[in-house]
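I opened the model to look up ring contacts first, then one helix, then the totals. My notes follow.

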Amino acid sequence: MVRIPPNPAPIRLAAVSAAVAALIGCAAAPASAAPGGAEIGQAQFFADRLAEDPVYVSDHMAGGDLAATHEAMAAAVAPLDVPVFVIAAPAPGGDYRKEPLLAAVHDRLGEDGLYLSVTGGGSALAVAGVAYGVHVPGLADSVTEANLHSSRTAPVTCVERMVGNISSGDAAGRLDATRERIQRDHALYEATASPDPAGSAWSDLADDLDPDSVVGRNNIGFSAGILIGATLAIAAYCARRALRRAAGHVRSGVRR
C-alpha cells in the first residue's frame, strides 16, 4: 500500500471483499493534488523529524516499544541502495491519498530519495511510497502488493514487505501471485458459502435450540416459558370475552 466469538462467515466475507476492492483500486502513483492547511502543518512536522532521523515512528504506531520498532524499521530499509525516509504515524485527517503528504514532506525536507509511509490505526493500515530523484524499479507494484496484506500485519511488517518486494526484482510477479491467491480464496468462499439465506437461518436456529448443549437447553426453556405465557394470556382473553358475551345474553333475556 475478540465475549462470545463472532460468526466467522461475515468476518471472512468482509476480509475477502476488502481484498478484492484493493485489487481494483490500489495504485502507488503520485497524486497531483496538494494537501490543505492542516496537512501542510503536519508535513512540516514530519519534515522536521526526518531532518533529525530518516525514520520517524509515532508512539501510536510503536506497539508499546518505540525503540525496538524504530530499530526494526531502520533495519528493514537498510538493504536499499537509495536514501530512504520512513513515516509511521496515525492516519492524517481528510480523505486525500497519502502521496500528497509525502510530496509535501519532500518539498519541505528538500532531500531526494524514496519516501515511504505507513499510516492508520490498529489493523486498518495503509502504505504508500514515492521516489524523488532516484530510480526504484517496481515501486508501484511493491506498494500495491504490500497494501493487500496491510490489514493483517504490523507497521514494521508493512515496511519489510514493501522493501522485500523492491529488493526481489520481481514486484510485478509477487503482485500477480498475491492477486491470484486472493481470487482463489474468494472463489472458494463463494463456493462453500450457503446459497440459501433462509436455509442458513434455519440451521442457525437449530444450533441455538440444540438440546445437547447448555445454551440450547437454556434457549428451549426460555422459548417454552414465552410460549406458555402467551398461551395462558390468549386463553384468559378468550375466556373473558366469552364471559362478557354470556353476561350480555343474560341481561338481554331479563329485559325481555
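I found arginine 49 over the face of phenylalanine 45, at 4.7 Å from the ring centre. The rule I used asks for NZ of Lys or CZ of Arg within 6 Å of the ring centre and within 35 degrees of the ring normal. The model is predicted: local features need pLDDT of at least 70, side-chain atom pairs count only at pLDDT 80 or more, and totals for chains, interfaces and linings use all residues. Residues are numbered from 1 along each chain as its sequence is written, and side-chain values use heavy atoms, leaving out hydrogens and water.

Next I looked up ring pairs (Phe, Tyr and Trp, the last by its six-membered ring, with centres within 6.5 Å). I got 5 aromatic pairs. Phe45, Phe46 and Tyr56 are linked by such pairs into a cluster.

Then I checked helix α6, residues 155–168 (helices are DSSP runs of H or I, at least four residues; strands are E, at least two). The expected span is 1.5 Å times one less than the number of residues. For its 14 residues that gives 20 Å, and the end C-alpha atoms are 20 Å apart, so the two agree.

Which residues of α6 are buried (under 20% relative accessible area, 1.4 Å probe, protein chains only)? I listed Pro155, Val156, Cys158, Val159, Met162, Val163, Asn165 and Ile166. The elements they pack against (heavy atoms within 4.5 Å) include β3 (113–121) and α7 (171–192). Glycine 169 follows α6, with a positive phi near 75 degrees.

Last, the totals. I noted 9 helices and 4 strands. Of the 256 residues, 32% count as buried.

Key: Rings of Phe, Tyr and Trp (its six-membered ring) pair if their centres lie within 6.5 Å; planes under 30 degrees apart count as stacked, over 60 as edge-to-face and the rest as tilted. Buried means under 20% relative accessible area, exposed over 50%, partly exposed in between (1.4 Å probe, protein chains only).
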